[in-house]
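Trainee: Could you take me through one part of this model in detail? I'd like a close look at the sheet, and at whatever sits around it.

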Amino acid sequence: FTCHMASFNCKDCGTKIPGTNCAYELSRQEGWKKKDGCYYHCSCGYPVRATEVRNNIFSGFIDNDQKSKENAYIYVKNNKNQGHVYYGTYSNCSKGNGLSASGMRSVKTFE
């Protein structure tokens with residue numbers, strides 16, 4: 001049995017980054033580069049860790065209204081405590097990698 005960790009390449013600089021691409025995709029679409037407190041990034045500066053994006057770019061509790069139709073920056077944790085970030089609603093990802101909270105297998109935290 002071999003376990004392969006997910007990885008992706010930056011579309012601009014080609015840096016191979018371990019993990020999933022939610023923080024990177026949101027950062028790239030929003031033009032966020034070299035943000036204070038975001039220590040993991042590709043060579044061109046896009047933050048790549050969901051928790052760092054949540055804590056340093058759109059920190060602060062917004063709400064946990066899963067029925068809201070207003071887009072907001074969303075931070076989600078699954079049952080494995082893995083973070084996910086995007087812009088949208090509980091059921092729709094407007095900016096990011098296309099995955100909304102409603103499309104995740106488990107949701108432990110939604111804010």
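Mentor: Let's start with the sheet and then move outwards to the rings, the helix and the pocket.

A bit of housekeeping before that. This is a predicted model, so local features need pLDDT of at least 70 and side-chain atom pairs count only at pLDDT 80 or more, while totals for chains, interfaces and linings use all residues. Residues are numbered from 1 along each chain as its sequence is written, and side-chain values use heavy atoms, with hydrogens and water left out.

Now the sheet. It is open, has four strands in the order β5-β4-β3-β6, and its pairing is antiparallel. Strands here are DSSP runs of E with at least two residues, helices are runs of H or I with at least four, and both are numbered from the N terminus. Two strands pair if DSSP finds at least two bridges between them. At the edges stand β5 and β6, each with a single partner strand, so one side of each has no neighbour in the sheet.

Take β3 and β4, which pair antiparallel over six bridges. Val76 has His84 in β4 as its bridge partner. The hairpin of these two strands has five residues between them, and there Asn81 takes a positive phi near 65°. Turning to β6 (residues 109-110), you'll find two bridges joining this strand to β3, again antiparallel. Here Val76 stands opposite Phe110, and Lys77 stands opposite Thr109. Over at β5, three bridges make the antiparallel link to β4. Thr89 faces Asn92 of β5 as its opposite residue, and the hairpin of β4 and β5 has two residues between the strands.

Next, the rings. The whole structure has seven aromatic pairs, where rings of Phe, Tyr and Trp (its six-membered ring) pair if their centres lie within 6.5 Å, with planes under 30 degrees apart counted as stacked, over 60 as edge-to-face and the rest as tilted. The Trp32 and Phe58 rings have centres 6.5 Å apart and planes at 40°, so that pair is tilted. This pair links distant parts of the chain, 26 residues apart: Trp32 is in the loop between α1 and α2, and Phe58 is in the loop between α2 and β3. Trp32 and Phe58 are both buried, meaning under 20% relative accessible area, whereas exposed is over 50% and partly exposed is in between (1.4 Å probe, protein chains only).

Tyr73 and Tyr87 make another tilted pair, at 4.8 Å centre to centre and 55° between the planes. Tyr73 belongs to β3 and Tyr87 to β4, so the pair ties together parts 14 residues apart in sequence. Tyr73 counts as partly exposed at 24% relative accessibility, and Tyr87 does too at 23%. Trp32, Phe58, Tyr73 and Tyr87 form one aromatic cluster.

What about the helix? In α1 (residues 22-30), the buried residues are Cys22, Ala23, Tyr24, Glu25, Leu26 and Ser27. They pack against β1 (7-9), α2 (50-56), β3 (72-77), β4 (83-89) and β5 (92-95). After α1 comes Gly31, with a positive phi near 75°.

Tyr46 deserves a stop as well. This residue is in the loop between α1 and α2, and is buried, with a relative accessible area of 8%. Leaving aside neighbours within four places in sequence, the contacts of Tyr46 (heavy atoms within 4.5 Å) include Tyr24, Ser27, Arg28 and Trp32.

Last comes the largest pocket, with about 750 Å³ of space. Its lining has 23 residues, and the closest to its centre are Thr20, Asn78, Lys80, Gln82 and Gly83. The elements giving two or more residues to that lining are α2 and β4. A pocket, on a 1 Å grid over the protein atoms alone, is an open set of points where a 1.4 Å probe fits, with protein on both sides within 12 Å along at least five of seven lines, and lining residues have an atom within 4 Å of a point. The volume is the space filled by probe spheres set on the points, which are joined across faces, edges and corners. By class, the lining has eight nonpolar, 12 polar and three charged residues, where Ala, Val, Leu, Ile, Met, Phe, Trp, Tyr, Cys and Pro count as nonpolar, Asp, Glu, Lys and Arg as charged, and the others, Gly among them, as polar.
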